[in-house]
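The following exercises practise the reading of a protein structure, one step at a time. Please examine the sequence and the structure shown here before attempting them.

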Amino acid sequence: MTRLLTTIGFDADDTLWQNETFFRLTQDRFTRLLADYAAPDHLHDRLLAAETRNLGSYGFGIKGFVLSMIETAIEVTEGRVPAPVIAEIMAAGREMLEHPIELLPHARAAVESLAEKHRVILITKGDLLDQERKLAQSGLGELFHGVEIVSQKTAQVYARVFARHGDGVERALMVGNSLKSDVLPVIEAGGWGVHVPHGLTWALESAEPPAGHRRFRELPDLGGLPALVAALEGDGAQVVAEQPVDPRSAAQP
Ligand SMILES: [Mg+2]
């Protein structure tokens with residue numbers, strides 16, 4: 001039997017394990033460090049502007065975040081930021097790189113269950129070393145058939161990854177906490193996108209849900225994912241409907 005879905009892609013940060021919470025804690029620490037120089041809201045705005053500006057050159061991850069904090073500290077102090085404050089920012093970054101892994105509910109069970117009949121692929125952005133460390137510490141590494149640490153999550157990237165590890169993006173489903181990175185580009189590429197919201201989402205990852213799209217689903221947590229995949233595969237009619245109709249062949253008796 002031809003399966004509708006052969007390959008399941010999992011996002012990592014805030015889908016399988018906690019991540020944004022550590023960024024928020026560090027940002028609170030950053031706010032306190034610079035309390036004499038900038039109001040929290042202003043500092044937050046300037047930091048977000050720096051992160052946005054730097055994303056193209058530093059990419060996603062902790063190292064770029066630390067550099068953006070330092071740049072913001074220099075900016076809001078008009079070049080007078082004391083060296084011990086810079087040292088504190090760097091120490092906060094190093095602590096983030098060592099934080100223990102906290103798996104999110106049902107993460108292991110969902111990956112284990114889906115790995116029985118599907119290829120499961122981890123697809124994540126961020127610093128290469130940090131993501132490798134987190135995957136190793138998560139204990140989930142052995143379950144994945146493939147791991148892709150990418151600099152961007154675009155429709156082209158998903159098409160390439162699912163062609164390499166599976167049977168193309170049309171027979172793949174991606175699950176993640178970011179509509180912008182994990183859901184919209186996969187749907188655009190022709191695959192299925194499942195959104196599992198996380199309470200905390202980075203401002204630069206926000207997007208509108210593609211409400212009503214037939215290849216879009218939302219789940220409260222990963223617990224329902226195996227059943228959702230089974231339900232989608234149970235409805236064979238959806239595979240047929242997905243094929244583009246050639247008007248010439250349709251016109252023949
Ligand atoms: Mg994520």
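A residue is buried if 20 or more other C-beta atoms lie within 10 Å of its own, exposed if 12 or fewer, and partly exposed in between. This cut-off is needed in several of the solutions, all of which concern a predicted model.

**Exercise 1. Burial of Val196**

Task: Determine whether Val196 is buried or exposed, and state which residues it contacts.

Solution:
1. Locate the residue: Val196 belongs to the loop between strand 5 and strand 6.
2. Apply the cut-off: Val196 counts as buried because it has 27 C-beta neighbours inside 10 Å.
3. List the contacts, leaving aside neighbours within four places in sequence: Val196 touches Thr15, Val175, Gly176, Asn177, Leu219, Asp221 and Leu222.
4. Examine one of these contacts further: Gly176 is 20 residues from Val196 in sequence, and the C-alpha atoms of the two are 5.7 Å apart in space.

**Exercise 2. The surroundings of strand 5**

Task: Establish which way the residues of strand 5 point, and how strand 5 pairs with strand 4 and strand 6.

Solution:
1. Recall the general pattern: in a regular strand, side chains alternate between the two faces of the sheet.
2. Compare strand 5, residues 192-195: Trp192 and Val194 point one way, while Gly193 and His195 point the other way. All of them are buried.
3. Consider the pairing with strand 4 (residues 172-176): four bridges connect it to strand 5 in the parallel sense. Within this pairing, Met174 has Gly193 as its bridge partner in strand 5.
4. Follow the chain between these two strands: from strand 4 it passes through helix 8 (residues 179-189) to strand 5, forming a right-handed β-α-β crossover.
5. Consider the pairing with strand 6 (residues 216-218): strand 5 and strand 6 run parallel and are joined by three bridges. Here Phe216 in strand 6 is the bridge partner of Gly193.

**Exercise 3. Strand 2 and its partners**

Task: Describe how strand 2 is paired with strand 1 and strand 3, and what covers the buried residues of helix 7.

Solution:
1. Begin with burial: five of the six residues of strand 2 are buried.
2. Turn to strand 1: it runs parallel to strand 2, and four bridges join the two. The bridge partner of Thr7 in strand 2 is Arg119.
3. Turn to strand 3: strand 2 pairs with it over four bridges, also in the parallel sense. Leu122 has Val147 as its bridge partner in strand 3.
4. Trace the connection: the chain goes from strand 2 through helix 6 (residues 128-138) to strand 3, and this β-α-β crossover is right-handed.
5. Add helix 7 (residues 155-165), in which Tyr158, Ala159, Val161, Phe162 and His165 are buried. Their cover includes strand 1 (7-10), strand 2 (119-124), strand 3 (146-149), strand 4 and helix 8.

**Exercise 4. Two residues with positive phi**

Task: Decide whether Asp14 and His106 are buried or partly exposed.

Solution:
1. Note the backbone angle of Asp14: phi is positive, about 65°, although Asp14 is not a glycine.
2. Place Asp14 in the loop between strand 1 and helix 1 (20-33). Asp14 is buried because 24 other C-beta atoms lie within 10 Å.
3. Note the backbone angle of His106: phi is positive, about 70°, and His106 is not a glycine either.
4. Place His106 in the loop between helix 4 (83-96) and helix 5 (107-115). His106 counts as partly exposed because it has 18 C-beta neighbours inside 10 Å.

**Exercise 5. The chain as a whole**

Task: State how the chain is divided into domains, and where pLDDT stays under 50.

Solution:
1. Give the division: domain 1 comprises 7-17 + 103-242, and domain 2 comprises 20-96.
2. Relate the domains: their C-alpha centres lie 30 Å apart. In the contact between them, 12 residues of domain 1 meet 11 residues of domain 2. The side of domain 1 that touches domain 2 has four nonpolar, four polar and four charged residues.
3. Count the elements: the chain has 11 helices and six strands.
4. Review the confidence: the average pLDDT of the chain is 91, and 92% of the residues score at least 70.
5. Identify the exception: over residues 237-253, pLDDT stays under 50, and the model has four contacts beyond four places in sequence for them. Where pLDDT is low, the predicted coordinates should not be read in detail.

Terms used. Residues numbered from 1 in each chain as written. Predicted model: local features only at pLDDT ≥ 70, side-chain atom pairs only at ≥ 80, totals over all residues. Domains from an automatic or database assignment. Contact = placed C-beta atoms within 7 Å. Nonpolar A, V, L, I, M, F, W, Y, C, P; charged D, E, K, R; others polar. pLDDT = per-residue confidence, 0-100. Pairing = 2+ DSSP bridges. Right-handed = clockwise from strand over helix to strand, strands pointing away.
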